[in-house]
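Biologist: I would like a close look at one part of this model. Please start from a single side chain and work outward from there.

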Amino acid sequence: MTAPEADPLDDLVEELYTDRARAWEAALVTAQTFLDTIADEILDNLDRDRLNADTARIKDPARAADKIRRRIAEGRIDMPRTPDDVASALSDIVGVKVLCKSPRDLTAFTEKLVQACESAHCPIDFAETPVDYVTYPKPSGYRAFHAVLVVGVATHQGIVSVKVEVQVKTRLQDAWGELTHEDMYKPGGALKPTERHSEYATSMATLLAEVDAMADTLASQLEELTTAAGAQASGPTIRVRVVRTGPRYALAVADDGRRGLIPARSVKDAAKSRQRIKVDHYLSVGQHVDVTVDDTDDALYYNVVGPLERTKPL
């Protein structure tokens with residue numbers, strides 16, 4: 001049996017991956033660090049889990065070659081002649097996904113990302129104009145903010161510019177792809193979307209967008225309650241157990257089973273701190289503290305009776 005002839009495109013892709021793998025890995029680390037610093041700036045003293053840039057990947061070589069073949073067949077590009085041609089044809093070989101807890105976090109992050117990349121002092125720039133599929137969803141219902149960054153990586157051959165695709169989505173927008181089996185229906189996928197599938201996918205995207213908006217409203221209300229708590233109550237002191245804690249507030253339960261919020265303001269007063277504090281640096285799950293009760297129309301507050309010492313080091 002005659003062995004199949006080697007595909008020149010496969011050889012080009014293999015050569016590209018062999019030559020650029022280390023630079024791509026370095027670019028991923030740089031891009032994630034850059035994105036994390038933006039998230040840190042937005043969420044200073046807040047729940048850091050609201051923005052997560054931990055998901056990153058380098059596209060599988062076989063998938064990269066298949067995408068090139070599909071674009072050639074569609075007449076969008078010519079057959080690459082060099083490894084650099086392959087790299088130029090694909091902007092998503094290296095990619096990072098930023099998952100946001102809510103639409104307002106996504107908006108804050110993308111605005112800060114654009115501001116940073118357009119700054120004259122930023123070493124990272126956009127390779128092309130970002131595409132906002134959140135404000136202007138695809139007909140399928142797909143929603144995300146897409147940007148391609150240019151990251152400079154130092155190598156023995158000098159500075160190499162690496163394109164890093166960044167997709168910013170809410171967690172529900174990301175879940176939409178799994179729920180609709182998007183990978184199976186996208187160009188080059190195994191299945192062709194029927195009219196019924198397209199209608200379902202679009203309807204699901206609309207419903208999830210509504211859920212995102214509702215969750216955003218609830219989060220805003222919770223933030224208002226935990227930052228604008230009522231005055232310290234002067235009633236009797238009771239002992240409660242902390243069952244959840246975070247940067248802005250803790251949740252505690254009393255012997256009668258009632259759960260109440262311990263806001264940052266209360267912890268700050270008990271710690272006699274003049275600076276902004278993180279609640280979880282002073283309270284931990286399972287800890288017992290003495291509190292007074294402030295039962296308002298909006299929430300049940302437990303205000304810590306001081307003094308309160310920091311439990312996490314600076």
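Modeller: D92 has a relative accessible area of 8% and is buried (under 20% relative accessible area; exposed is over 50% and partly exposed in between, with a 1.4 Å probe and protein chains only). The model is predicted, so local features need pLDDT of at least 70 and side-chain atom pairs count only at pLDDT 80 or more, while totals for chains, interfaces and linings use all residues. Residues are numbered from 1 along each chain as its sequence is written, and side-chain values use heavy atoms, with hydrogens and water left out.

The partner of D92 is K67: the two form a salt bridge whose closest N and O atoms are 2.6 Å apart (a side-chain nitrogen of Lys or Arg within 4 Å of a carboxyl oxygen of Asp or Glu). D92 sits in the loop between helix 3 (83–89) and strand 2, and K67 in helix 2, so the bridge ties together parts 25 residues apart in sequence. Helices (H or I, at least four residues) and strands (E, at least two) are DSSP runs, numbered from the N terminus. K67 also counts as buried, at 17% relative accessibility.

K67 leads on to the largest pocket, which has a volume of about 1700 Å³. A pocket is an open set of points on a 1 Å grid over the protein atoms alone, where a 1.4 Å probe fits, with protein on both sides within 12 Å along at least five of seven lines; lining residues have an atom within 4 Å of a point. Points are joined across faces, edges and corners, and the volume is the space filled by probe spheres set on them. The lining has 50 residues, and those closest to the pocket centre are K67, Q167, E182, D183 and K186. Among the elements that give two or more residues to this lining are helix 2 (61–73), strand 2 (94–100), strand 6 (158–170), helix 5 (171–179) and helix 6 (182–185). By type, the lining residues are 14 nonpolar, 15 polar and 21 charged (Ala, Val, Leu, Ile, Met, Phe, Trp, Tyr, Cys and Pro are nonpolar; Asp, Glu, Lys and Arg are charged; the others, Gly among them, are polar).

Strand 2 and helix 5 are joined by another salt bridge. D174 and K97 meet through their side chains at 2.9 Å, N to O. D174 belongs to helix 5 and K97 to strand 2, so this pair ties together parts 77 residues apart in sequence. K97 is partly exposed, at 21% relative accessibility. In helix 5, the residues Q173, W176 and G177 are buried. Those three cover an arc of only 95 degrees around the axis, taken from the directions from the helix axis to the C-beta atoms, which puts them on the same side of helix 5. After helix 5 comes H181, with a positive phi near 55 degrees.

Further out, D216 and R104 form a salt bridge at 3.3 Å, N to O. D216 is in helix 7 and R104 in helix 4, so the pair ties together parts 112 residues apart in sequence. D216 is buried, with a relative accessible area of 13%, whereas R104 is partly exposed, at 27%. The structure holds 18 salt bridges, and a network of them links D7, D10, D66 and R69.
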